[in-house]
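Dear colleague,

I am handing over the structure we spoke about, and my notes on it follow below. Please read them with the coordinates open, and tell me if anything is unclear.

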Amino acid sequence: MKLQRMNRRALALGALAVTGALALTACGSDDTGNSDGGDASATAQAGNIDCGDAKGQLQASGSSAQKNAIDAWVKQYTAACKDVQINYNPTGSGAGITAFTQGQTAFAGSDSALKPEEVEASKKVCTDGQGIDLPMVGGPIAVGFNVPGVDTLALDAPTLAKIFDNKITKWNDAAIAKLNSGIELPDLKIQAFHRSDESGTTDNFTKYLKAAAPQDWKYEPGKSWEAQGGQSAQGSSGVAQQVKQTSGAISYFELSYASDGIKTVDIKTEAAEPVKATIENATAAIGAAKVVGTGKDLALELDYTPSAEGAYPIVLVTYEIVCDKGNKADTLPATKSFLNYMASEEGQGQLADAGYAPMPQEIITKVRETVSSLS
């Protein structure tokens, strides 16, 4: 495990150093616990964290996708900034944005960029400003499965679309068998689980299905699940738990939740070989994202149909949503200090250990510049 962590840390720092992988076409700025790190690690990190005038309680909520990253960040940050208490509630992206636009939180986490109507709503709480998207966490959306006797499984977008739309209902269906030659598939009912709450993970997963299998996925992408049938559970941890305990189950969640023996699907793309859900393969896909936000907003456009070898197609980026201007005076110092740490080399360097991909250098540099300008 130590060697694995060292390799992941090296990967994270290497990703931060890569500057040529991103194709930027716009110049706009467009579910709290403990990490694996011990006290020695926290002490080492603490020396590099600028607490500034930060103090008091910082309330935030939203994306459950980034919960494990937030947990790791909070542990390190509060070891240094002992006058700050951070309470992050992984309510889901939709609920997080609502809480933010109602003035209940200092910032929100969302796996989808703000919609125009959400930006407009944010102006009520951002005095003389508005909510902006700061991409902070990346990674693959893993498709986890629990099929007794099956250790490896490859699926493509049309087959996934039919599974989650209840058009394919048995694991030994001919379409699945065709993609998995030589694997003995059981005559077992498929138990497809989706998120019950509004979720940016659902938004990104359905964007992938719509982009890569438009003939088989007729529903519009969104935070709410539109297809009929199937079963549901709350949060990424909820659907992951259902996969772990339910024979025949399949669902989608961030790679960091694919623990305790949960197996993940290799995704068949236009590349020669099916692509595994790994941090490296997600980074390859995120590296082709384009900044489409304007002003200080850094919303990204992701490519859900990559053809490059080793580019995992189902990825998400979690944004921290904050006011560009008009943040509450009592929480602004802590908000800027914590966001600055999250975007720092040290903060981004923790992501691989927690099962996430760091932001490419060009993007995270813009994030740091924007955080410093928050008022």
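I begin with helix H10, whose buried residues are Ile279, Asn281, Ala282, Thr283, Ala285 and Ile286. Because six of the eight residues of this helix, which runs over residues 279-286, are buried, H10 is largely enclosed by the rest of the structure. Please bear in mind throughout that this is a predicted model.

As for the chain as a whole, its secondary structure comes to 13 helices and 13 strands. Of the 375 residues in the chain, 55% are buried, and the accessible surface amounts to about 15100 Å², with 48% of that area belonging to carbon and sulfur atoms.

Helix H6 (residues 157-164) is likewise mostly covered, with six of its eight residues buried; these are Ala157, Thr159, Leu160, Ala161, Ile163 and Phe164. After H6 comes Asn166, which has a positive phi, near 60°.

Two helix packings seem worth describing in some detail. In the one that involves H6, the partner is H8, and the two helices pack at an angle of about 125° with their axes 9 Å apart, which means that H6 is oblique to H8. Their crossing is left-handed, and the contact is made by Ala157, Leu160, Ala161 and Phe164 on the H6 side, and by Phe205, Tyr208, Leu209 and Ala212 on the H8 side. Ala157, Leu160, Ala161 and Phe164 are also among the buried residues of H6.

The other packing brings together helix H11 (residues 332-343) and helix H13 (residues 361-373), whose axes come within 9 Å and cross at roughly 170°. H11 and H13 are therefore roughly antiparallel to each other, and H11 passes H13 in a left-handed crossing. On H11 the contact is made by Lys336, Leu339, Asn340 and Ala343, while H13 contributes Ile364, Val367, Arg368, Val371 and Ser372.

Turning to the aromatic side chains, a search of the whole structure finds 10 aromatic pairs. One of them is formed by Trp225 and Tyr252, which are stacked, at 5.8 Å centre to centre and with 20° between the planes. This pair links distant parts of the chain, since Trp225 lies in the loop between helix H8 (200-212) and strand E7 (231-233), whereas Tyr252 belongs to strand E8 (residues 249-254), 27 residues apart from it. Both Trp225 and Tyr252 are buried.

The two rings also take part in a cluster, in which ring pairs link Phe164, Phe205, Trp217, Tyr219, Trp225 and Tyr252. Two members of that cluster, Phe164 and Phe205, appear in the contact between H6 and H8 as well, Phe164 from H6 and Phe205 from H8.

Finally, there is a residue for which I would ask a separate look: is Gln241 buried, partly exposed or exposed? Gln241 lies in helix H9 (residues 235-245) and counts as partly exposed, because its relative accessibility is 38%. Gln241 and Ala258 are 17 residues apart in sequence, and their C-alpha atoms are 9.4 Å apart in space.

With best wishes

Terms used:
Residues numbered from 1 in each chain as written. Predicted model: local features only at pLDDT ≥ 70, side-chain atom pairs only at ≥ 80, totals over all residues. Heavy atoms only, no water. Helix = DSSP H or I, 4+ residues; strand = E, 2+ residues; numbered from the N terminus. Buried < 20%, exposed > 50% of the residue type's maximum accessible area, 1.4 Å probe, protein only. Areas by Shrake-Rupley, 256 points an atom, 1.4 Å probe, with all protein chains shown as cover. Phe/Tyr/Trp six-rings, centres within 6.5 Å; stacked < 30°, edge-to-face > 60°. Axes fitted to C-alpha atoms, helices over the stretch in contact; angles between N-to-C directions. Parallel < 35°, antiparallel > 145°, perpendicular 65-115°, else oblique. Left-handed = near helix turned anticlockwise from the far one by under 90°. Contact = heavy atoms within 4.5 Å.
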